[in-house]
Amino acid sequence: MLRQILNKLPRKSSSKNAENRDTLYSNAPTNSRSSDLGTSKSGNLTTSLPPGNSVPDAVKSYSNKNVRGANLKPNGFVLSSSYEALPGFRDVPNAEKQSLFIKKVSLCCVVFDFTDPTKHLKEKEIKRQTLLELVDYVTKANGKFSEALMQELVKMVSANLFRAFTPQPRENKVADGFDLEEEEPSMDPAWPHLQVVHELLLRFVASPETDAKLAKRYIDHSFILKLLDLFDSEDPREREYLKTILHRVYGKFMVHRPFIRKAINNIFYRFIFETEKHNGISELLEILGSIINGFALPLKEEHKLFLVRALIPLHKPKSLAMYHQQLSYCIMQFVEKDCKLADTVIRGLLKYWPITNSSKEVLFLSELEEVLEVTQPSEFQRCMVPLFRQVAHCLNSSHFQVAERALFLWNNDHIENLIRQNRKVILPIILPALEKNAENHWNQAVHSLTLNVRKIFNELDPELFKECLLQFQEDESKEGEVAARRESTWKRLEEVAAKKAASNEPVLVFGKAPPSTTSL
């Protein structure tokens, strides 16, 4: 009875419990994944700070009871009204500058929502100025960065940059044949902060004061994968920064080079064989162009497999025009380093040669000319038969740009010399297409170029030309006879069928009467 009465009496809340209720910040999780870095529907910013670190006075957490009108986040954080700038680096002694740097980095872990440009204008500007101070400090640093500084900086960069993209609704214009380069690029509203964070990361990676042996603990495989994910950003300004940053990371952290190449390969595989949608293929290829340029000779088997399994199949997607220039450069780097790869590349182009896409066909012909220009005679002889069968097909294309681009191959001196040396094999393949063009191609420019190429062969080897021409005329005559016999056979069949139909008799098919329905 006495215990029941005591239980009804009000209890005083302990100061320790009150303190724990008001301070939700001390045991905050440190997950920097993109799913934990977004903004909530009800809020404008989120924070991501490591546990056990000192929290700047500018960022505090309160319970709903203690802050009226507070905009509470999913992780329980709010923006304190005292979000103020910290002292400048000039105002503190040199011994305290790295400590101040870490505090400023923690301040910048607050991620603002830029979808509403009217909210938190003062705080956004404070953060931008703080980021600029950090960039200036990293640029002018004259002493090695401490491990604690690296750790906090990488966490802040992760909190600001690594995020889940929400693709803008737009029609699939690639599939409909429209050029996406004519579209207005999508600009990220948070770019005023993102740009400075990218610049900070770039300066940090490029700085001679960054010890690669220490920094690789934080710029690790997980960080690199998330950095590569950002290449799918629709903002071209961000992709341009990422291109430079990744190239610097590749140069500074030699231990990560194989992993970076493999990760880029996986992006290409997913793009080629699964999605055919990615915004950063051209930037990734541009990075690879300079990487391939630095490959040592002789080329490793790993690098040759990369050419065969990733680069050549990149000719398959419909959006080839968006990155063809960079892809062609990478292909040429391989061929120039190892001329024996020319046959592999040409056969790869023939494998993925477009059938119904004329604009892609023009790109293929342009790339083919570049490859042939550095192809040695021995490699040319390996692939010239299937190659000029395809060229002959292009010569007879009803799309005048395809036919014209194929005829332009004879304007290249090196290619013409290769053709001259192997004319006994090439002319019999190519002459029928030339004759058909000369007789009935609708485009005057194609007709004129065809006559010029025909004249080159005639002047080069009149006897061979005459022999091939006679063979072509003979084949045409035989085809005419076969066509006439076929037409005559069909006419006889029609006449016989008409007579049998009139007399209700079964029609003989190849000398045999069809089975009667009664026997069935």
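## A walk through a predicted helical model

Phe380, Phe388, Trp410 and Phe457 form one aromatic cluster. That is a good place to begin looking around this structure, which is a predicted model. In total, the structure holds 14 aromatic pairs. Take Phe89 and Phe101 as one example: their ring centres are 6.3 Å apart and their planes meet at 35 degrees, so the pair is tilted. Phe89 sits in the loop between strand S1 (45–46) and helix H3 (97–107), while Phe101 belongs to helix H3, so the pair ties together parts that are twelve residues apart in sequence. Phe89 counts as buried at 11% relative accessibility, and Phe101 is buried as well, with a relative accessible area of 0%. Back in the cluster, the rings of Phe380 and Phe388 have centres 6.0 Å apart and planes at 75 degrees, so this pair is edge-to-face. Phe380, at 0% relative accessibility, counts as buried, and so does Phe388 at 1%.

Now step back to the whole chain. It has 21 helices and two strands. Of its 520 residues, 42% count as buried. If you take the contacts with a separation of 6 or more, residues 24 or more positions apart account for 73% of them. The largest nonpolar core has 128 residues, and Phe268, Leu285, Leu311, Phe388 and Ile430 are those with the most contacts inside it. Phe388 we have already met in the aromatic cluster; Leu311 and Ile430 are useful guides for the next stops.

Leu311 first. Setting aside residues up to four places away in sequence, Leu311 touches Leu285, Ile292, Phe306, Leu327, Cys330, Ile331 and Phe334. Several of these names return in helix H13 (residues 324–337), whose buried residues include Leu327, Cys330, Ile331 and Phe334. The other buried residues of H13 are His324, Ser328, Met332, Gln333 and Val335. Among the elements covering them are helix H11 (281–293), helix H12 (301–311), H14 and helix H15 (358–373). The 14 residues of H13 reach 20 Å from the first C-alpha to the last, close to the 20 Å expected at 1.5 Å a residue.

Ile430 takes us to helix H19, residues 423–440. At 1.5 Å a residue, its 18 residues should span 26 Å, and the end C-alpha atoms are 25 Å apart, which agrees. Even so, H19 bends by about 40 degrees at Ile430, and a proline, Pro432, follows within four residues. Ile430 is also one of the buried residues of this helix, along with Ile426, Leu427, Leu431, Ala433, Leu434, Glu435, Asn437 and Ala438. What covers the buried residues of H19 includes helix H16 (377–395), helix H17 (400–407), helix H18 (413–421), helix H20 (444–460) and helix H21 (462–503).

Helix H16 deserves a closer look through Gln390, which lies in it. Gln390 has a relative accessibility of 18%; the limit for buried is under 20%, so Gln390 counts as buried. Beyond residues up to four places away in sequence, Gln390 touches Leu350, Trp353 and Glu361.

Arg347 offers another view of how parts of the chain meet. Arg347 is in helix H14 (residues 341–351) and counts as partly exposed at 39% relative accessibility. Leaving aside neighbours within four places in sequence, Arg347 is in contact with Arg382, Cys383 and Pro386. A polar side-chain atom of Arg347 lies 2.6 Å from the backbone oxygen of Arg382. Along the sequence, Arg347 and Ile312 are 35 residues apart, yet their C-alpha atoms are 9.7 Å apart in space.

A few backbone details round off the tour. The peptide bond from Leu297 to Pro298 is cis, with omega near -5 degrees, and Pro298 lies in the loop between H11 and H12. His120 has a phi near 55 degrees, a positive value in a residue other than glycine. You will find His120 in the loop between strand S2 (111–112) and helix H4 (121–140), where it is partly exposed with a relative accessible area of 26%. Glu276 likewise has a positive phi of about 55 degrees although it is not a glycine. Glu276 is in the loop between helix H10 (257–275) and H11, and is partly exposed, with a relative accessible area of 30%.

Notes: Residues are numbered from 1 along each chain as its sequence is written. This is a predicted model: local features need pLDDT of at least 70, side-chain atom pairs count only at pLDDT 80 or more; totals for chains, interfaces and linings use all residues. Side-chain values use heavy atoms; hydrogens and water are left out. The expected span of a helix is 1.5 Å times one less than its number of residues. The bend at a residue is the angle between axes fitted to the seven residues ending there and the seven starting there. Buried means under 20% relative accessible area, exposed over 50%, partly exposed in between (1.4 Å probe, protein chains only). Contact means heavy atoms within 4.5 Å. A nonpolar core is a set of buried Ala, Val, Leu, Ile, Met, Phe, Trp, Tyr and Cys residues joined through side-chain atoms within 4.5 Å. A polar contact is a pair of N or O atoms within 3.5 Å; within protein, one must be able to donate a hydrogen and the other to accept it, and residues adjacent in sequence count only if both atoms are side-chain atoms. Rings of Phe, Tyr and Trp (its six-membered ring) pair if their centres lie within 6.5 Å; planes under 30 degrees apart count as stacked, over 60 as edge-to-face and the rest as tilted.
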